[in-house]
Amino acid sequence: MSRVLLFTGKGGVGKTTLSAATAASLAAHGRKALVVSTDPAHSLGDALDVRLGAEPSEVDGAAGLFACQIDPRGLVDEAWGDLRGHLRTVLAGAGVDELDAEELTVLPGVEELLALAEVRRLAASGPWEVVVVDCGPTAETLRLLSLPEAFAGYLERLFPTHRRVVRGLLAGVAGTGSVEKWDATADALSRLAERLDALRSMLADSSSCSVRLVLTPERVVAAETRRTLTALALQGIRVDSVIANRLVPSPGAARGAAASWLRTRRHEQDAVLAELTGIGEIRTVDHRASEPVGVPALLEVAEQLYGDSDPLPGAAVSESLLEVSGSGRGLDARYSLRIALPLSDDTELDLARVSDDLALTVDGRRRLVALPSLLRRCIVTGAEMDSGGVTVGFRPDPSLWR
């Protein structure tokens, strides 16, 4: 399985240029690299100055560098059409009107989901060591990265995992229909479930997949970057680097109106970056006089971005999302659950106990966190928030400790 690097950021910050530059640098240093675009507004070919299709091809003049632009519409027609046909049959057999069945099988997000599945297929089957992904803007990317889990939950509720249960359900709604006919639907659903599980595993494995966030040093963009860091941590996806693009060059000791403007603008940009505390090292790239187009120009960008360091650092061990500590024994015990998340002072946080899960909502994004077995027999006593996460207090529930 190739290493996967996902580049994202607010629209217009230069993520396409930096993802292409990273892939070009990897290839120049002897690693076969594939750079692929899942952004609906494809501009990867423009950055590389080559014509790209849906299938990977080697970029002329750059040995070891491959590129492609995924066609989500084509993937829908190829992979989803068959399953939609099966589902329409199931719904019609259950008494759903044919027109309603057609509408119910057009699921929002399926194009993005299949694009992500195609990234995984390329990472698993190609000759490249690294797959660099030029994703869409952050809002679309967050939605994209949450789809495998959301679709898996949707599928599990409609059709339980156990094949015999699915077979019995399908045979039941079929009435006099052939069981073999419904087995085909079960097989199609099983294949979809396997793809979803594979995607979830890839995204959760910090040794094979990580995100690089690109920003420009502006307060609005920096605020969105902080929220994105929190949202990705909430989903258990590791960010291995933050890149600040388009810093204006320092004018040094030069005088004049232009130098004064540059000095003021750079001071503002430095102040924005200084406020991004607690997120680790931020790599920087200067604003260039001319747009970097083509492999030679992209390699110049990569040289400033990475210098002599490896563009593909070893996967660091991610901080555990959950950590339990406690003291005391029996009904006198007190426990705390630490949920590691990068938070800011204006973060909107909500916690709720839902059976054996803790429903955690951060800035409108909700995730169910499965409680460790020790805490399932406990009552929530309170919660505290700081810049590094949330600490939830628990005590044993007397009605459950006998």
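1. A salt bridge is a side-chain nitrogen of Lys or Arg within 4 Å of a carboxyl oxygen of Asp or Glu. In this predicted model, glutamate 300 and arginine 288 meet in such a bridge through their side chains, with a distance of 3.6 Å from N to O. Glutamate 300 belongs to helix H11 (residues 295–306), while arginine 288 sits in the loop between strand S8 (282–286) and H11, so the pair ties together parts that are 12 residues apart in sequence. Glutamate 300 is partly exposed, with a relative accessible area of 46%, and arginine 288 also counts as partly exposed, at 27% relative accessibility.

2. The structure holds 14 salt bridges, and another of them joins arginine 212 to aspartate 240, where the closest N and O atoms are 2.9 Å apart. Because arginine 212 lies in strand S6 (residues 209–215) and aspartate 240 in strand S7 (residues 239–247), this pair ties together parts that are 28 residues apart in sequence. Both arginine 212 and aspartate 240 are buried. The pair also has a further partner to consider, since Arg3, Arg212 and Asp240 are linked in a network of salt bridges.

3. A salt bridge is also formed by aspartate 386 and arginine 338, whose closest N and O atoms are 2.9 Å apart. This pair links distant parts of the chain, with aspartate 386 in strand S14 (residues 378–386) and arginine 338 in strand S10, 48 residues apart. Aspartate 386 is partly exposed, its relative accessible area being 37%, and arginine 338 is partly exposed as well, with a value of 23%.

4. On the surface, Asp345, Asp346, Glu348 and Asp363 gather in a patch of negative charge. One member of this patch, aspartate 346, is found in the loop between strand S10 (334–340) and strand S11 (349–354). Aspartate 346 has a relative accessibility of 61%, and because exposed means over 50%, this residue counts as exposed.

5. Aspartate 134 makes a useful contrast for a reader who is comparing aspartates, and its place in the chain is strand S5 (residues 130–137). Its relative accessibility is 0%, and because buried means under 20%, aspartate 134 counts as buried. Which residues is aspartate 134 in contact with, leaving aside its neighbours within four places in sequence? They are Phe7, Lys15, Thr16, Ser19, Val36, Ser37, Thr38 and Asp39.

Note on methods:
Residues are numbered from 1 along each chain as its sequence is written. This is a predicted model: local features need pLDDT of at least 70, side-chain atom pairs count only at pLDDT 80 or more; totals for chains, interfaces and linings use all residues. Side-chain values use heavy atoms; hydrogens and water are left out. Patches are made of residues with over 30% relative accessible area and no salt bridge: like charges are joined within 9 Å, nonpolar side chains (Val, Leu, Ile, Met, Phe, Trp, Tyr) within 5 Å. Accessible areas come from the Shrake-Rupley method with a 1.4 Å probe; for residues, only the protein chains shown count as cover. Lys and Arg count as positive and Asp and Glu as negative; His and the chain ends are not counted. The place of a charge is taken as NZ of Lys, CZ of Arg, CG of Asp or CD of Glu. Helices (H or I, at least four residues) and strands (E, at least two) are DSSP runs, numbered from the N terminus. Buried means under 20% relative accessible area, exposed over 50%, partly exposed in between (1.4 Å probe, protein chains only). Contact means heavy atoms within 4.5 Å.
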